[in-house]
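This report describes selected features of one protein model, for a reader who has the sequence and coordinates at hand. It moves from a small sheet to a helix, then to the enclosed spaces and the backbone.

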Amino acid sequence: MDDFQDKKKYETEIYQQWLDKKCFQPSYNFDKNFSICIPPPNVTGSLHMGHALNNTIQDILIRYHRMNGYNTLWQPGTDHAGIATQMVVERNLAEENIYRKDLTREQFIEKVWEWKEQSGSTIINQLKRLGSSADWSRERFTMDEGLSEAVRKVFVTLYKEGLIYKDQALVNWDTKFKTAISDLEVIQTDVSTKLYYIKYLSSNGQHITIATIRPETIFGDMAIAVNETDERFHSFKDTLFNVPLTNRKIPLIQDDYSDPEKGSGAVKITPAHDFNDFDVSKRHDLELLNILNEDGTMNENCPEGYVGLDRFEARKKIVKELKSLDLIEKIEDYKTTIPYGDRSNTVIEPYLTFQWYCNAKELAKDAISAVKTNKTQFFPSNWDKTYFQWMENIRPWCISRQIWWGHQIPIWYGPDGKEFCAETEELARAEAVDYYKADKIILKRDKDVLDTWFSSALWPFSTLGWPENNKVLENFYPNSVLVTGFDIIFFWVARMMMMGNKFMKETPFKTVYIHALVRDENGQKMSKSKGNVIDPLEIIDRYGSDTLRFTLTSLNTPGRDVRLSEQRIAGYRNFITKIVNAYKYAEFKNIYPLKNNNKIEVKNIFNLWILDELHKTNSEIQKYYQGYLFHEVANKLYHFTWHTFCDWYIEISKTLLDGPDREETIYTFNLVFNSLLQLLHPIVPFITEKLWQKNNDSILMTKQWENLNIKIEKSSIDQASLFISFVEEVRSVEKLFEIKKDEKIEIYSPDSHLQEVLISNKEIFEFMSRKKLKKSEIINSVTLPFKDKEFQILFDNTDFTKIKEKLSKNKINLDKEEMSISKNLSNDNFIQKAPEDLIAQNTLRLEAIKLELIKINSILLNI
């Protein structure tokens, strides 16, 4: 098998070599530092395309800065993923007929740690297959002892400052797991349901009709709200209405929440089971009546016949009973969105309960200021608007969860319910002893755990050793860049900004790089149900990690979702093959193994030309890297590798290597190819490392970039560029005139400069163009334009009548297109409304058409 065919084998060997030589670890010289903290994947997770894109971008940044002499740290780790992990472990235990209800809390936690040790490293190993060069020796876990200490310290500090408190409010309640969950764990799902129009009777026999999709919540109704401007309800002022199927009466209130244009204009207010209604209740001092148990069954606040019924069974019974009492006006089919738990797949209920909250509004102040003063900048910059919109309207953050796996809240309760907040039970007990003036105090710890996002909010500094001061924390905080998706700006980025500014007195990131989603080729979100998921691990097995990385990087245009297809991936595999074939060509031509490492003066115009192209490419790439335009880096390298280096220089070198400039050409080829491997390495690390080590003793990933420092005269570059442009023109004419491969063609230019360049490189020209170059004027030839020059070409068997017909048709079509584009570009309405890129495309196309017409008109005059 070809040494390059078994990608899995050589990628594994190279990655192990990097690990063995500790290439991923910082040098700790603290000269110039660059750091990134990985968005910690869930410990239950498996690599998907979003991870692949996110970690490819991070790895590109880390490798680029490492090769530029920075002391780099990519801090890795995983998140304990509270609910997700508990669900996985409970499911695994159930297969062994072991259930959480039969275990103590301590026994269950022990089972979770056992699972973590066995299966928790899956996604880390998958990230390694992608080529991620994180410092795995520093790998952290949000439940490890160091991070747990940081969590406890932050909680206690915020509690003592009054920024953490307990309150009764509505939360997203998962009735399967019997816990509050965050907005991120709620999936708004489009559904078809029923809209029930229910009559609410007044004491005088009149009624108001109210539409609802949740009839089971009527038992929690505390008012009917109408808009003050809605004249239809003015006659009902001070009227009380009966809550259907109960003996309770509720008032009619006026509130702007009610929209006269929607439904009947009246809405029922159920404060304990609707977030908007809860806000209305605060404005009108309404009672809060909870009608559900934690498992979603109806509680004792409901009529006796409904207590203990599942909420959806209760709905059916309520509708049946309302119909029998003629209290349902009508029922309509209705399309809406309903919240589902992303783990439980059950309908999420707004639920009234006591929870722990964090005063996010206060913490947000410094976090907002950090972005407004450019201490932290978003890329692309438009994402700061999203950030401000959420932060400036932030609500109290519910930080407690009713599960077992997670950071247990460091609150202990005395016999009378008095709270004692401390980092350890010993410290809490000491406070209790002092408070009660007694030695033996029974304390009970709060059963809740913290929201997973609480510990991950501390990630940028807790992973670096905080609360202990150390050199790593001092030099790598704040992080240089955070790379993340836009979907967690609210849930993670904002909270890291709040905690970082609070506890480190400094913003956690200098730049927040927001990347888009990876979708399928039709722009659809990937999902198992649609059958359009592309598994990154399968792609790596089939095409290699480098191909996947280069594909994702090329398609990662800022502000646009990545549209991925296996066809695109297969296309970029050819690019990796092109790099390998360039090396194989060098072996075939005895360039490699390199016999002479000594510097050689470069004089040949084509060797100077490729060095100049490399220099220009390198300069542009550095700008693109620094501007986070990684797709431009990939596309520029693709063009240079495939077209400039392979299509042109390698083809030209076939002649040079057989001539007097062989040693100079070998030197130039090696210099350019090595530089190209360095430029490509951050994106395609495996193949570049393999090829580098075939001809170098060092490791590429730690090789520092060096400037070429070769003096190149402009006249040499101009000559080579003129030569290449002319060969392109000859090939264009060949295609235009439909010249057969075996047809004999002679070429001559009366322009002395062009002719001199061609004659000086006659052998290369005739090899590249497959045309005979004449040293003097050609009789009976056709004269054609080339830039500000002209050249003569003598055809053998070309059918000029057929060519004239073809060119005349082309001319008619181009004339029409020129007229159409010119009309658009001179139209003020088009210029004002058309996107900038469309105007630019039209402008470029018009210029190309004009040049093509000049050529066609000249040819038609001369044949």
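Strand 18, residues 411-413, is joined to strand 20 by two bridges, and the two strands run antiparallel. Across this pairing, tryptophan 412 faces arginine 445 of strand 20. Both strands belong to an open sheet of three strands, in the order 19-18-20 and with antiparallel pairing. Strand 19 (419-421) and strand 20 (444-445) form its edges, since each pairs on one side only. In general, the strands of a sheet pair through backbone hydrogen bonds, either parallel or antiparallel. As for the source of the coordinates, this is a predicted model.

**Helix 2**

Does the span of helix 2 agree with or depart from the expected value for its 19 residues? At 1.5 Å a residue, residues 49-67 should span 27 Å, and the end C-alpha atoms are 27 Å apart, so the two values agree. The helix is mostly covered, with 18 of its 19 residues buried. Glutamine 58 is located in helix 2. Because its relative accessibility is 0%, glutamine 58 counts as buried, the cut-off being under 20%. When residues up to four places away in sequence are not counted, glutamine 58 touches Ile36, Cys37, Ile38, Pro39, Trp74 and Val483. Just after helix 2, glycine 69 adopts a positive phi of about 85 degrees.

**Pocket and cavities**

The second largest pocket has a volume of about 1200 Å³. Its lining comprises 41 residues, and Thr212, Ile213, Arg214, Tyr257 and Asp274 are those nearest the centre. Several elements supply at least two lining residues each, including strand 8 (207-212), strand 12 (266-269), helix 7 (275-284) and helix 8 (311-324). The greatest contribution to this lining is that of strand 7, with seven residues. By class, the lining of the pocket divides into 18 nonpolar, 15 polar and eight charged residues.

A search of the whole structure also finds three cavities of 30 Å³ or more. The largest cavity has a volume of about 40 Å³. It is lined by Leu594, Asn596, Asn598, Ile600, Glu663, Ile666 and Tyr667. Four of these lining residues are nonpolar, two are polar and one is charged.

**Backbone features**

Two cis peptide bonds are described here. One joins tyrosine 477 and proline 478, with omega about 0 degrees; proline 478 is in the loop between helix 14 (471-476) and strand 22 (479-485). The other runs from tyrosine 592 to proline 593, with omega near 0 degrees. Proline 593 lies in the loop between helix 18 (566-588) and helix 19 (605-626).

Positive phi values in residues other than glycine are set out below.

| Residue | Phi | Loop | Relative accessible area |
|---|---|---|---|
| Tyrosine 628 | near 65 degrees | between helix 19 and helix 20 (630-656) | 15% |
| Arginine 770 | about 60 degrees | between helix 25 (762-769) and strand 27 (772-773) | 49% |

Are these two residues buried or exposed, or in between? Tyrosine 628 is buried, because its relative accessible area of 15% falls under the 20% cut-off. Arginine 770, with a relative accessible area of 49%, is partly exposed, because that class lies between the cut-offs of 20% and 50%.

How values were computed
Residues numbered from 1 in each chain as written. Predicted model: local features only at pLDDT ≥ 70, side-chain atom pairs only at ≥ 80, totals over all residues. Heavy atoms only, no water. 1 Å grid on protein atoms, 1.4 Å probe; cavity = no way out; pocket = protein on both sides within 12 Å on 5 of 7 lines; lining within 4 Å. Points joined across faces, edges and corners; volume = space filled by probe spheres on them. Helix = DSSP H or I, 4+ residues; strand = E, 2+ residues; numbered from the N terminus. Nonpolar A, V, L, I, M, F, W, Y, C, P; charged D, E, K, R; others polar. Expected span 1.5 Å × (residues − 1). Buried < 20%, exposed > 50% of the residue type's maximum accessible area, 1.4 Å probe, protein only. Contact = heavy atoms within 4.5 Å. Pairing = 2+ DSSP bridges.
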